Amino acid sequence: MRNYDTSFSVLSKGVEGEKPYFRSKRGAMEHEEWDKIDLARRRIMQRRKLGRTDLNLSTIGMGTWAIGGGNWKFAWGPQDDRESVFAIHRALDLGINWIDTAPIYGLGHSEEVVGKALKGLKEKPIIATKCGLLWDRERSTSSCLKKKSILCEIEASLKRLRVDVIDLYQIHWPRPDEDIEEAWGSIADLVKKGKVRYAGVSNFSVEQLKRIQPIHSVASLQPPYSMLERGVEDELLKYCSEEGIGVIVYSPMQKGLLTGKFNAERVKNLPKDDHRREDSHFQEPELSANLRLVEDLRSITEKRDKTVAQLAIAWVLRRPELTAAIVGARRPSQIEETASVGDWVLSGEDIRAINKLLDERQKVLNLS
Ligand SMILES: NC(=O)c1ccc[n+]([C@@H]2O[C@H](COP(=O)([O-])OP(=O)(O)OC[C@H]3O[C@@H](n4cnc5c(N)ncnc54)[C@H](OP(=O)(O)O)[C@@H]3O)[C@@H](O)[C@H]2O)c1
């Protein structure tokens, strides 16, 4: 029997009266044991309500961009589907109760892999997917927010995910800007038809949120947020908090850069179809400053017996306006390391020390 709970600290009671969310598909003789684990997890994995919805999300959500696999413009190099399915199952074992995906991740493949992982599960996790990005036979991508296109997209997503309803359906990018009202109205219709439970958006500004709110309520915003990308702190977090809009942030480890597992050599040797090669955070002059930051963060993680990946996620979750962080993983060991951080509350001392390091990094970049 595996040892399941060693990486968790008991800090939160979780959602009372909720049925165990996930029962692993292990052998029958282990079911009794799994029931106990579900109950234990339920008590320790912190959950927060998403805005004004009735969705209670674990503070860590499972991100599935990288598991979409290689051979498209924003790929992460080759990926083994079996490992992806194991990673998803492990995430659910660990008390994560929701998965974020999108049709564009692997041009349909991420949704297919999620669908495969969910097959046969009696109690499915909450599923968040998106619309608005399309691809063609040459595997080129484009944006479209027209009603007709969204109606086709949802049918394809439901089929790939093997579900009857999408819990959270999000506009992936507000592009083209002039069509966001049309897209939002179409998604509101899908809610009425029962194909979507809640509607959310991603990468929207405050102005864009204000334009769509009169059409239908916005359940959530999905923006980027990490130690290296702090744009949401300016006005979006405050606005969402005032408006009761849930916030689920993406790339909290800056696509793996803030994990302590990168160095210049690894960046140089990333597979040809790993889009991070073109990402400015992974290129000079930023790369050296970012790797330096990671080294400096170790002075904090070593004191707390944590890893840099865990610190990066706990740092974003310190903001009370956040519902959760979407944490990407492409194998079980990665999510094992990061899932345990959902309940870690950073001390004021640690936050001040991190902010000082972030200021120092910024100064170095301003000079370069
Ligand atoms: N709405 C949007 O526009 C948008 C944009 C971006 C992301 N998202 C969503 O947010 C999710 C999370 O963001 P993300 O995947 O971009 O970035 P992330 O969560 O910051 O980083 C995930 C990557 O870090 C590496 N990693 C994960 N755990 C690790 C560990 N314990 N040790 C070492 N490396 C580890 C893995 O890549 P390697 O092993 O290859 O290094 C993994 O794919 C996505 O999967 C997606 O669902 C949405």
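**Exercise 1.** In which kind of crossing, left-handed or right-handed, does α2 pass α3?

*Solution.* The model worked with here is a predicted one. Begin with the two elements themselves: helix α2 spans residues 81–93 and helix α3 residues 109–118, and they pack with their axes 9 Å apart at an angle of about 60°. That angle makes α2 oblique to α3, and the crossing in which α2 passes α3 is right-handed. On the α2 side the contact is made by Asp 81, Ser 84, Val 85, Ile 88 and His 89, while α3 brings Val 113, Val 114, Lys 116 and Ala 117. Sorted by class, the residues of this contact are 5 nonpolar, 2 polar and 2 charged.

**Exercise 2.** Determine whether Lys 210 counts as buried, partly exposed or exposed.

*Solution.* First locate the residue, which is found in helix α6, residues 206–212. Next apply the cut-offs, under which 20 or more C-beta neighbours within 10 Å would make a residue buried and 12 or fewer would make it exposed. Lys 210 counts as partly exposed because it has 13 such neighbours inside 10 Å. Finally, consider a partner along the chain: Tyr 239 is 29 residues apart from Lys 210 in sequence, and their C-alpha atoms are 9.9 Å apart in space.

**Exercise 3.** Describe which residues surround the ligand and how they divide by class.

*Solution.* The shell consists of 28 residues, of which Gly 63, Tyr 250, Met 253, Gly 256 and Gly 328 are the closest. The elements giving two or more residues to this shell are β12 (324–328) and α11 (332–339). By class, the shell divides into 10 nonpolar, 13 polar and 5 charged residues.

Methods
Residues numbered from 1 in each chain as written. Predicted model: local features only at pLDDT ≥ 70, side-chain atom pairs only at ≥ 80, totals over all residues. Near = placed C-beta within 6 Å. Helix = DSSP H or I, 4+ residues; strand = E, 2+ residues; numbered from the N terminus. Nonpolar A, V, L, I, M, F, W, Y, C, P; charged D, E, K, R; others polar. Axes fitted to C-alpha atoms, helices over the stretch in contact; angles between N-to-C directions. Parallel < 35°, antiparallel > 145°, perpendicular 65-115°, else oblique. Left-handed = near helix turned anticlockwise from the far one by under 90°. Contact = placed C-beta atoms within 7 Å.
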